[in-house]
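Reader: Hello! I'd love a friendly, close look at one part of this model, starting from a single side chain and working outward from there.

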Amino acid sequence: MRKGRAPKIGSHAIATSVMDRQQQPCISCTTFNILAPIYKRLKHHQGESCRESDYRAYWMTRNRRILNWLLFERSSIICLQEFWVGNEELVSMYEKRLGDCGYVTFKLARTNNRGDGLLTALREDCFRIVRQRDLAFEDPWNRVAQLLHVELAGPFSQGACASQGMLIVNTHLLFPHDSSLSLIRLQQAYKILQCVESYQKEMQLSPMPIMLCGDWNGSKRGHLYKFLRSQGFVSSYDTAHRYTDADAHKWISHRNHRGDICGVDFIWLLNPNRYRKLLKTSWSEAVFGLFKFILRRALQTEEAAFAFLKARDEYDHITFSGFCEGLRQLNITGHENGLGDEEVRDLWDRADVDGDGFMDENEFQQRIWNASSPEQGWEDENDIEEDGGDGEREQTVGFCVKNAVLFPAEAEKGMWPENYSLSDHARLTVVFSPVRMPCSRLKF
């Protein structure tokens, strides 16, 4: 077998095949942006552009094919984005066919009647549903996320473990129309993690695995990727294929409306034995990283950047007012989607190491210009003790990544096939094996 690639497992029924071949039952998860008909552009026979939603036969045929694939694969968890919640006929078709095959479904529309939203489907023989929580980001882009708290059921449970629960999130973040929206997407991811954290505290939950699924509209080279990594999450697909951060070009999952190809669809996994930084610390580091990137791009050198942030030419340090003005000029504040006053003050407090109200050149260099990246190096997420290790420690269920596949298969080679018509996204399916492990206390 060639190093760096997981073995392919027959056709596309990866989950069923693996479960048949493994002594221990596995669960599987599929995430898929199915391209809402209200957004899918068609070329009219006279050369004019129109929407697929105007042609029932087109969108009905395509969505039947999507459902056929999903039901053939029979993943334990299905997370769909750009689901056309505004069309009752399509919604009814998905709910009936999925329900007839043993799935319970949850849908969530984007705010302000945008027409599309999320659909999450769970196999009832795999999970017991504990609770659902919906999150609206309350921004001009009307994005949402759905949180489901479930417990493993039947053969998937792990005996006497203290916790057999898991949290599943389905979401679709903002498309990066330009680089100024990087902050917005970071904020959306931050809100998701805040929602997860507050739910765990409110319910007084023991540590449990968390899966974040969906269209993140950001690649392995972006600030969002680094932010999630700093919280202990790993990309399941990259873990399965033992890809490092240098392998970002080796797979894609989307061809956007500009014709660009990129990898934006992820199933992120956080096991309960993973160390986690304080969420607010990771957030501040992520914003610092973005701030530094913008400064470097705009001003090129440390000296120019330091001079730019000084409140007065005669000062040899940066004041809070100069810092705020610099953020405004760089479009990080000063508009409804920029950082708020509290966030700016928090950034300043972390930059002003000694708390004297000034930032000298040394502080600027250490805390901003040369601030360490929150990104963690690649680790083997499967390097865990399947027997639980120390018997005196609290036991919980976690997951090993067993395999991961993108369809169409060309996406795994960084190519997009012209004859693929199900969506403008690839379908990502990951197979996980539940294992017992000692849990690490959460760092709230």
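Is Cys-126 buried or exposed, and what is its relative accessibility?

Author: Happy to take you through it, with one reminder before we start: this is a predicted model. Cys-126 counts as buried, because its relative accessibility is 0% and the cut-off for buried is under 20%. Cys-101, in contrast, counts as partly exposed, at 32% relative accessibility. If you were wondering about cystine bridges, the count of disulfides comes to 0.

Next along the chain is the sheet. Strand S7 covers residues 127–136, and it belongs to an open sheet of 6 strands in the order S7-S8-S9-S10-S14-S11, with mixed pairing. Strand S7 and strand S11 (234–235) stand at the edges with a single partner strand each, so one side of each has no neighbour in the sheet. As a general point, the strands of a sheet pair through backbone hydrogen bonds, in either a parallel or an antiparallel way.

Val-150 makes a good stepping stone into this sheet. It lies in strand S8, and it counts as buried because its relative accessibility is 0%. Val-150 and Val-130 are 20 residues apart in sequence, but their C-alpha atoms are 5.1 Å apart in space. Setting aside neighbours within four places in sequence, Val-150 is in contact with Leu-122, Phe-127, Arg-128, Ile-129 and Val-130, and also with Gln-164, Gly-165, Met-166 and Ile-168.

Some of those contacts lead to strand S9. Strand S8 (residues 144–152) and S9 pair in the antiparallel sense over 7 bridges, and the bridge partner of Val-150 in S9 is Met-166. S9 also pairs with strand S10 (residues 210–215), this time in the parallel sense, over 6 bridges. Across that pairing, Ile-168 stands opposite Met-211, while Asn-170 stands opposite Cys-213.

S9 itself, residues 165–172, is mostly covered, with 8 of its 8 residues buried. Both faces take part: Gly-165, Leu-167, Val-169 and Thr-171 are buried on one side, and Met-166, Ile-168, Asn-170 and His-172 are buried on the other. Notice that the buried set includes Asn-170 and His-172, so it is worth having their side chains in view if you are browsing polar groups in this strand.

Another acidic and polar spot is worth a short visit. Asp-247 is found in the loop between helix H6 (236–240) and strand S12 (254–255). Asp-247 counts as buried, because its relative accessible area is 11%. Its side chain reaches the backbone nitrogen of Thr-244 at 2.8 Å. Leaving aside neighbours within four places in sequence, Asp-247 is in contact with Lys-220 and Arg-242.

For a helix to set beside the strand, try H11 (residues 361–369), where Glu-363, Phe-364, Ile-368 and Trp-369 are buried. These residues lie on the same side of H11, because they cover an arc of only 150° around the axis. In general, an α-helix has 3.6 residues a turn, so residues three or four places apart point the same way. The cover over the buried residues of H11 includes helix H7 (279–299), helix H8 (302–309), strand S15 (318–319), helix H9 (320–329), helix H10 (341–351) and strand S16 (358–359). At the start of H11, a side-chain oxygen of Asp-360 comes to within 3.1 Å of the backbone nitrogen of Asn-362.

Helix H2 (residues 56–73) is where Asn-68 sits. Asn-68 counts as partly exposed, at 41% relative accessibility. The C-alpha atoms of Asn-68 and Arg-97 are separated by 9.4 Å, with their positions 29 residues apart along the chain.

Finally, here is the wider setting. The protein has 11 helices and 18 strands, and buried residues make up 56% of its 444 residues. Among contacts between residues at least 6 apart in sequence, 74% join residues at least 24 apart. The protein exposes about 19400 Å², of which carbon and sulfur atoms supply 46%.

Methods. Residues numbered from 1 in each chain as written. Predicted model: local features only at pLDDT ≥ 70, side-chain atom pairs only at ≥ 80, totals over all residues. Heavy atoms only, no water. Buried < 20%, exposed > 50% of the residue type's maximum accessible area, 1.4 Å probe, protein only. Helix = DSSP H or I, 4+ residues; strand = E, 2+ residues; numbered from the N terminus. Arc of directions from axis to C-beta. Contact = heavy atoms within 4.5 Å. Polar contact = N/O pair within 3.5 Å; in protein donor to acceptor, adjacent residues only side chain to side chain. Pairing = 2+ DSSP bridges. Disulfide = S-S within 2.5 Å. Areas by Shrake-Rupley, 256 points an atom, 1.4 Å probe, with all protein chains shown as cover.
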